[in-house]
Amino acid sequence: MTQNINLKEIEKKAYRDSQQDGLMEVMMGLILMTFGGFFYSPIFAFYILLIVFAGRIVEFIRRRYTHPRIGFVKFHEENPKDAMTGVFLFEVAVIVIMFTLISIFGEVTDYSQWVDWSPLFFGMILVGPFAHAQSRSGNVRYTGYAILSVVLGLFFSLAEFASGRTGLILYLVLMGGISFH
Amino acid sequence: MPVSDSGSSEELQQIAGIDRLIHEPARLMIMAYLYVVESADFLFLMRQTGLTPGNLSSHTSKLEAAGYIEIVKEFVDKKPHTMLRLTDAGRGAFQDYREQMMEVLR
């Protein structure tokens, strides 16, 4: 129905305009770029907190600096139970795919194999947030990012590095830089 | 052509039943925007609808008087901030309006 499509488009435009400051993308880019570097660090626990509270940090900055210019809008919240179930099922699916891939091309009990394939693992995990951003904003750019995250993840997993960790760090820095764009 | 049968007459009567308060283009834009979000501030609505502050204020006052929207004025960092949201009555009225328009334009 035309009326339904138009309302959906209005919602997508409102979402795009509310995100025009790019703060969330900058935050996501920074997290991705530094994530690999702190992955084996003792401060990684604090890093998890940063990821959990990223939305609130962005909201705090927006309240002070960007809302007075672009205005404030609050969207209907998704059902947290449905959202958590969706995230959980998606991550289980990614783990199953990784498990299958590694069992075909290597040995699942070998930890180094998981490290080597970690860029692809994160690449598939990133499909989730990119797909979510695409459905909310209607911006096809996010579909491109999702495809790119998997393709680059596969490339960095197959490429030879001094250690698997180097491949992951390089991959995350590159994806973080792309998110800034 | 004169309306002769009762079926056509009833269809035309539906047009008379359309909510005139919502039917006005500027107010329809405001209602549509507030329908798809939980709440929005005055500045955001102004930018989205392209209305001037005075125009937007005038239309939102009419919608508030009808009980279709709720306007909350607050202070954020000592600066005035006006939030607007659709009431349940407003949400229902907008849904009815959409259904009526779809029926009329079917």
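Biologist: Which residue of chain B forms a salt bridge with K74(A)?

Modeller: Let's start with the idea behind it: side chains of opposite charge can pair when their charged atoms come close. In this predicted model, the closest N and O atoms of the pair are 3.5 Å apart, and a salt bridge is counted within 4 Å. Across the interface of chain A and chain B the rule finds 1 salt bridge. The partner of K74(A) is E38(B).

Biologist: How many residues of each chain are in contact across chain A and chain B, and which three residues of chain A supply 28% of the area it buries there?

Modeller: On the contact side, 24 residues of chain A meet 21 residues of chain B. The area buried between the two chains is about 1900 Å², with carbon and sulfur atoms giving 58% of that area. No other three residues of chain A supply more of its buried area against chain B than this trio: L7(A), F72(A) and H76(A).

Biologist: How many residue pairs are in polar contact between chain A and chain B, and which element gives the largest share of the side of chain A that touches chain B?

Modeller: The count of polar contacts is 8 residue pairs. The elements of chain A that give two or more residues to this side are α1 (2-18), α4 (54-70) and β1 (73-74). By class, the side holds 9 nonpolar, 7 polar and 8 charged residues. The largest share, 9 residues, comes from α1(A).

Biologist: In what order do the 4 strands of the open sheet stand?

Modeller: Strands of a sheet pair through backbone hydrogen bonds, either parallel or antiparallel. Here β1(A) pairs with β1(B), residues 39-41, in the antiparallel sense over 2 bridges, and 2 bridges join β1(B) to β3(B), residues 79-86. A further 8 bridges join β2(B), residues 69-76, to β3(B). Put side by side, the order is β1(A)-β1(B)-β3(B)-β2(B).

Biologist: Which strands are the edge strands of that sheet?

Modeller: The sheet of 4 strands is an open one, with antiparallel pairing. An edge strand here pairs on one side only. That description fits β1 of chain A together with β2 of chain B.

Biologist: Which residue in β1(B) stands opposite K74(A), and which residue of β3(B) stands opposite A40(B)?

Modeller: Start at the pairing between the chains, where β1(A) runs antiparallel to β1(B): there K74(A) faces S39(B). Moving one strand over, I71(B) has L84(B) opposite it in β3(B), and K73(B) has T82(B) as its bridge partner in that strand. The residue opposite K74(A) is S39(B), and the residue opposite A40(B) is L84(B).

Biologist: Which residue takes a positive phi in the hairpin of β2(B) and β3(B)?

Modeller: The two strands of this hairpin run antiparallel. Between them lie 2 residues, and the phi in question is near 50 degrees. The residue that takes it is D77(B).

Biologist: Why does the salt bridge of R62(A) and D21(A) tie together parts that are apart in sequence, and how many residues apart are they?

Modeller: The closest N and O atoms of R62(A) and D21(A) are 2.8 Å apart, and this pair belongs to a structure with 6 salt bridges over all chains. R62(A) lies in helix α4 of chain A, while D21(A) is in the loop between α1 and α2 (23-38), so the pair links parts separated in sequence by 41 residues.

Biologist: How many helices and strands does chain A have?

Modeller: Reading from the N terminus, its elements run α-α-α-α-β-α-α-α-α-α. The C-alpha atoms fill a box of roughly 50 × 40 × 30 Å along the principal axes. The tally for chain A is 9 helices and 1 strand.

Biologist: Which element of chain B has the lowest mean pLDDT?

Modeller: Chain B averages a pLDDT of 89, with 92% of the residues scoring at least 70, while chain A has a mean of 87. The model as a whole scores ipTM 0.81 and pTM 0.81. Where pLDDT is low, the predicted coordinates should not be read in detail. In chain B the highest mean, 97, belongs to helix α5 (residues 53-65) and the lowest, 71, to helix α1 (residues 6-16) of chain B.

Conventions:
Residues numbered from 1 in each chain as written. Chains lettered and ligands numbered in written order. Predicted model: local features only at pLDDT ≥ 70, side-chain atom pairs only at ≥ 80, totals over all residues. Heavy atoms only, no water. Contact = heavy atoms within 4.5 Å. Buried area = accessible area lost by both parts, 1.4 Å probe. Salt bridge = Lys/Arg side-chain N within 4 Å of Asp/Glu carboxyl O. Polar contact = N/O pair within 3.5 Å; in protein donor to acceptor, adjacent residues only side chain to side chain. Nonpolar A, V, L, I, M, F, W, Y, C, P; charged D, E, K, R; others polar. Pairing = 2+ DSSP bridges. pLDDT = per-residue confidence, 0-100.
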